[in-house]
Amino acid sequence: MSFVSTLRQWDEAVACMEKKDTVSALRIFLDIEEKTSKINFNIGCLHLNNNELDAAEKAFDSSIGKDEHLAVAFFQRGITFYKKERFEESLMDFKQTLKELRGNHLIDYKPLGLMYKLCACEVQHNIGLVYAQMGKWENAQENLLLALKLRTDSKFNHIDKALESILKQKLFPLVVIRPELLFKPNKHYVAELEKKDYLGKAKVISSVVPADNFSGFAPLQPHVEDAPVKPKAPEVLRALEGEPHTVLYEFIPETKEELAVLPGNIVFVLQRGTDNWASVIFNERRGLVPYNFLEPLDITMTSKMVQVAPSNGNEDIPAPPRRPAPTKPLDKPVEQEAPTTEIKADDDFSKCIVKVHFLFTMSICIAPGQPYKAVLKIISTKLKRPASTLTLSYFKPGSTEKVPIDESEMEVLWTCVSNNRLTLWCSATEDKTVTQKKMVALYTYEASTPEDLDFSQGDVITILSKVNEEWLEGECNGKSGIFPSSFVVDQEDNQ
């Protein structure tokens with residue numbers, strides 16, 4: 001999860017808390033994947049206010065684990081232990097709070113987003129109460145006398161009342177933080193989440209056209225009777241690579257590979273994959289956008305920029321081949337495969353888009369309702385790894401941790417599909433690199449350049465690296481070189 005997504009959920013949860021909707025606030029906090037020390041502190045406070053002491057203790061443990069010098073977290077955990085009647089652990093946390101104060105009379109957490117001042121005199125007050133609960137009245141009196149010395153304001157008159165109670169060997173109320181106080185995100189960061197109009201709206205000052213109220217950004221069109229209906233295409237659109245498309249719907253990215261776009265933006269599609277995701281350019285940035293969010297823009301491309309590959313300074317490392325790879329020899333009929341591919345591309349729109357987080361993130365189309373073995377086989381084929389080495393997991397509704405997937409989980413898994421989308425996580429027990437892969441030659445290939453690798457049909461080739469989508473580098477019969485990937489097949493698939 002990105003920092004922007006975490007910040008947005010954090011701000012939303014605080015807004016719910018300000019509306020006294022503690023249930024929604026806690027739910028949103030728990031949905032955050034990457035929880036910081038402050039967020040865990042907020043979760044602990046909400047559990048503590050609901051008297052869910054075990055959950056509160058766990059949340060404060062996580063907060064302290066991420067920031068071992070957060071004094072207010074030790075203070076809240078000490079209160080939690082006190083309510084659980086674990087007085088010795090409560091005493092240790094209150095003493096640790098004093099240690100983190102480092103001799104200061106107070107810590108003001110306002111710059112960090114918490115409207116609270118943790119005062120040393122109130123910590124001493126709670127230490128005295130814990131000693132009183134343990135029956136050590138003399139220690140309780142000493143700590144309350146020390147709290148009187150540390151008191152800097154007359155508003156702490158409850159310390160005087162506590163001392164009077166100690167003299168009568170009676171207990172007194174515990175000092176706690178108000179329930180509505182939580183860490184809030186930085187207001188400057190939150191302000192950056194809002195969309196800003198830096199250009200403003202243009203105003204017509206003078207125009208040769210009568211009653212000209214146009215305020216957009218476009219060249220002035222000639223007022224003639226037979227003027228074309230479509231406006232003139234901007235020159236910048238003709239110079240960029242890719243096919244121009246108009247964005248129909250807003251898309252918010254979830255991974256680093258995806259790109260944020262808004263309705264009305266013009267993007268240039270470089271490549272459209274079979275999984276219905278398109279690689280696009282927008283504002284000199286590349287990323288992935290769902291193709292069904294786009295609509296082709298009818299612009300005549302009069303010219304295109306010719307990209308020249310940058311020269312390689314190291315002459316010892318040859319550049320990838322620029323020539324296209326040769327096609328497969330026509331020794332087998334392939335006419336019947338073409339309509340199958342077209343039908344599959346059309347069917348992708350009715351399938352569920354499954355996003356799989358592995359060492360990298362990929363998207364595939366799977367028909368809803370498939371059994372576990374079928375889903376695992378599709379993913380293992382896409383990753384080119386044995387299905388026995390892969391483990392799939394997902395976030396089950398109502399759970400904050402990933403749940404491994406098996407055949408019994410499939411019925412619940414398919415109910416998690418939202419807007420025809422599903423997110424899975426994949427892990428592997430072993431890592432087989434491409435250098436360990438063996439492939440079998442389907443056809444004989446004769447080298448046309450010195451860098452090519454020639455082989456005969458049936459030869460076993462060890463793959464060294466992948467040059468690009470069309471060429472591989474391999475070793476065969478004591479020689480190494482590059483060759484077309486369409487001339488070979490995986491040894492396991494050939495058996």
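**Entry 1: Tyr109 and Phe183**

I looked up Tyr109 and Phe183 and found both residues buried. The model is a predicted one, and I read every entry here with that in mind. I then checked how the two rings sit. Tyr109 and Phe183 form an edge-to-face aromatic pair, with 6.2 Å from centre to centre and 85° between the planes. I noted where each partner lies: Tyr109 is in the loop between strand 1 (106-108) and strand 2 (117-119), and Phe183 is in the loop between helix 9 (158-167) and helix 10 (187-193). The pair links distant parts of the chain, 74 residues apart.

**Entry 2: other aromatic rings**

I asked how many aromatic pairs the structure holds. The count is 13. I picked out Tyr82 and Phe87, whose ring centres are 5.5 Å apart with planes at 65°, so this pair is edge-to-face. The cut-off for that label is over 60 degrees. Tyr82 is buried at 13% relative accessibility, and Phe87 is buried at 19%. Buried means under 20%, so Phe87 at 19% still falls on the buried side. I also noted one aromatic cluster, formed by Tyr443, Tyr445, Phe455, Phe483 and Phe487.

**Entry 3: nonpolar cores**

I turned to the nonpolar residues. In soluble globular proteins, nonpolar side chains tend to be buried together. Which members of the largest nonpolar core touch the most other members? They are Phe29 and Val72, in a core of 55 residues. I listed the contacts of Val72, leaving out residues up to four places away in sequence: Phe41, Tyr109, Leu114, Leu118, Ile177 and Phe183. Both rings of the pair in my opening entry, Tyr109 and Phe183, are thus among the residues that Val72 touches. Apart from the largest core lies another one, of 23 residues, including Val354, Phe358, Val375 and Ile379.

**Entry 4: salt bridges**

I moved on to charged side chains. Side chains of opposite charge can pair when their charged atoms come close. I counted 13 salt bridges in the model. I wrote down three of them.

Asp61 and Arg77 meet through their side chains in a salt bridge, with 2.6 Å from N to O. Asp61 belongs to helix 4 (residues 53-66) and Arg77 to helix 5 (residues 71-83), and the pair links distant parts of the chain, 16 residues apart. Is each partner buried or partly exposed? Asp61 is partly exposed, at 33% relative accessibility, whereas Arg77 is buried, at 15%.

Arg151 and Asp160 form a salt bridge, their closest N and O atoms lying 2.8 Å apart. Here Asp160 is partly exposed at 29%, and Arg151 is partly exposed at 27%.

Lys466 and Glu469 form a salt bridge with closest N and O atoms 3.5 Å apart. Glu469 is exposed at 65%, and Lys466 is partly exposed at 48%. The cut-off for exposed is over 50%, so Lys466 does not reach it.

I also looked for salt bridges that share partners. Such bridges join Asp54, Glu57, Lys84, Arg86 and Glu89 into one network.

**Entry 5: strands 4, 5 and 6**

I followed strand 5 (residues 277-282) and its neighbours. Strand 5 has five of its six residues buried, so the rest of the structure largely encloses it.

Strand 4 (residues 266-272) runs antiparallel to strand 5, and four bridges join them. Across this pairing, Arg272 stands opposite Ala278 of strand 5. Strand 4 and strand 5 make a hairpin with four residues between them, and Asn276 in that turn has a positive phi of about 70°.

Strand 5 also pairs with strand 6 (residues 285-290), in the antiparallel sense and over six bridges. I found Trp277 opposite Pro290 in strand 6. How many residues lie between strand 5 and strand 6 in their hairpin? There are two, and Asn283 in the turn has a positive phi of about 55°.

**Entry 6: a record for residues 121-154**

I checked the UniProt record last. An unreviewed entry there places the feature "repeat: TPR" at residues 121-154. In the model, the chain over residues 121-154 is 79% helix and 0% strand. The C-alpha atoms at the two ends of this stretch are 12 Å apart. Arg151, noted above for its salt bridge with Asp160, has a number that falls within the range 121-154.

Notes. Residues are numbered from 1 along each chain as its sequence is written. This is a predicted model: local features need pLDDT of at least 70, side-chain atom pairs count only at pLDDT 80 or more; totals for chains, interfaces and linings use all residues. Side-chain values use heavy atoms; hydrogens and water are left out. A salt bridge is a side-chain nitrogen of Lys or Arg within 4 Å of a carboxyl oxygen of Asp or Glu. Buried means under 20% relative accessible area, exposed over 50%, partly exposed in between (1.4 Å probe, protein chains only). Two strands pair if DSSP finds at least two bridges between them. Rings of Phe, Tyr and Trp (its six-membered ring) pair if their centres lie within 6.5 Å; planes under 30 degrees apart count as stacked, over 60 as edge-to-face and the rest as tilted. A nonpolar core is a set of buried Ala, Val, Leu, Ile, Met, Phe, Trp, Tyr and Cys residues joined through side-chain atoms within 4.5 Å. Contact means heavy atoms within 4.5 Å. UniProt positions are given in the numbering used here, feature names are shortened, and annotations may be inferred rather than shown by experiment.
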